[in-house]
Amino acid sequence: MARLLMKNYKEQLRQDLSAALASLYDVSQNIPCEDFKLLKTSILAIFSKLTYLLFIPLSWYEDITSSSRFFSLAAVYNLAIIGLIVAEIKPYRNLNKEDKGILPDNMGKTADIGYILSLGVHRKHRRNGIASLLLDALINHLTTAERQSVKAIFLHVLTTNQPAILFYEKRRFSLHSFLPYYYHIRGKGQRDGFTYVTYINGGHQPWTLLDHIKDYASKLRHTGEVFKWVSTRVRQVVRWICHKTVSRFNFAH
């Protein structure tokens, strides 16, 4: 009986979701229906009824749709959400211990960082570039003049999720750290994770000893080039003075 009630409840949720999506489309600034479009959308009405099943506070959905700390974007096709990205923008100094080390300490004192909470595409619509479009929208949002304080974007991913890992590596995310037993999955125990990161707005990873050596060598090379330029200019000035002096001397005689 309980299973039947849950089945009926899930079916009602699907119907409510379709109705919410239809309402959402009606107020989507009259954008014409195309094969694919990205819509800034309030997903609060869609997800609020799922809160009970997911055990997530309703305030979380209110935050991701109204707070400037969050970026949320849905891909909609035929009045159905087929892809979604949600990211949080927060001060680097507020990161958890396992995520520290993404930025140099001196940069991290004042920098913000973007954290991808979720990026997913419906199974039937994968490999059509939708995830890339959603990710591009986030990157474009975080590289505007108002967001120059954001120096990196990072995420966590299961070590067994090879399709996602390949996608992020293709999008120039690099492996930052290994997180043993990071995920606690109901019914499956603990799973390992990776942290992947990409840098924007002049951000970069903390320097290693080799990076410092390269920088020092570059400065020496630059100093040598400056010294050479100055020496050339001094010789030219000396030649000009000598030439003027000799010319005056010859004219006087």
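This report walks through the nonpolar cores, the salt bridges, a surface patch and an annotated region of a predicted model.

## The main nonpolar core

A good place to start is the largest nonpolar core, which has 29 residues. Ile116, Leu138, Ile153 and Phe173 are the residues with the most contacts inside this core. Several elements give two or more residues to it: strands S2 (70–77), S3 (80–91), S4 (112–121), S5 (150–158) and S7 (189–199), together with helices H6 (130–142) and H7 (162–170). Helix H6 provides the largest share, eight residues.

Next to this one, you can look for a second, separate core of 11 residues, with Tyr92, Ala111, Ile113 and Ala152 among them.

## A look at Phe173

Phe173 is a helpful residue to click on. Leaving aside residues up to four places away in sequence, Phe173 touches Ile116, Leu135, Ile153, Leu155, Tyr168, Tyr196, Val197 and Thr198. Of these partners, Ile116 and Ile153 are also listed with Phe173 among the residues with the most contacts inside the largest core.

## Salt bridges

Three salt bridges turn up in the whole structure. Two of them belong to a network that links Arg69, Glu88 and Lys90. In the pair of Arg69 and Glu88, the closest N and O atoms are 2.4 Å apart. Arg69 sits in the loop between helix H4 (58–66) and S2, while Glu88 is in strand S3, so this pair links distant parts of the chain, 19 residues apart. Arg69 counts as partly exposed because its relative accessibility is 36%, whereas Glu88, at 13%, counts as buried. Glu88 also pairs with Lys90, with 3.9 Å between the closest N and O atoms, and Lys90 is buried too.

The remaining salt bridge joins the side chains of Asp136 and Arg171, at 2.5 Å from N to O. Asp136 lies in helix H6 and Arg171 in the loop between H7 and strand S6 (174–185), so the pair ties together parts 35 residues apart in sequence. Asp136 is partly exposed, with 29% relative accessibility, and Arg171 is partly exposed as well, at 21%.

## A patch on the surface

Now turn to the outside: Val237, Trp240 and Ile241 make a nonpolar surface patch of about 320 Å². Ile241 belongs to helix H8 (residues 209–252) and counts as partly exposed, at 43% relative accessibility.

## What the record says

An unreviewed UniProt entry places the feature "transmembrane region" at residues 38–58 and 70–87. In the model, residues 70–87 are 0% helix and 89% strand, and the C-alpha atoms at the ends of this stretch are 6 Å apart.

Note on methods:
Residues numbered from 1 in each chain as written. Predicted model: local features only at pLDDT ≥ 70, side-chain atom pairs only at ≥ 80, totals over all residues. Heavy atoms only, no water. UniProt positions renumbered as here; feature names shortened; annotations may be inferred. Helix = DSSP H or I, 4+ residues; strand = E, 2+ residues; numbered from the N terminus. Patch = residues over 30% accessible without salt bridge, like charges linked within 9 Å, V, L, I, M, F, W, Y side chains within 5 Å. Areas by Shrake-Rupley, 256 points an atom, 1.4 Å probe, with all protein chains shown as cover. Salt bridge = Lys/Arg side-chain N within 4 Å of Asp/Glu carboxyl O. Buried < 20%, exposed > 50% of the residue type's maximum accessible area, 1.4 Å probe, protein only. Core = buried A, V, L, I, M, F, W, Y, C linked by side-chain atoms within 4.5 Å. Contact = heavy atoms within 4.5 Å.
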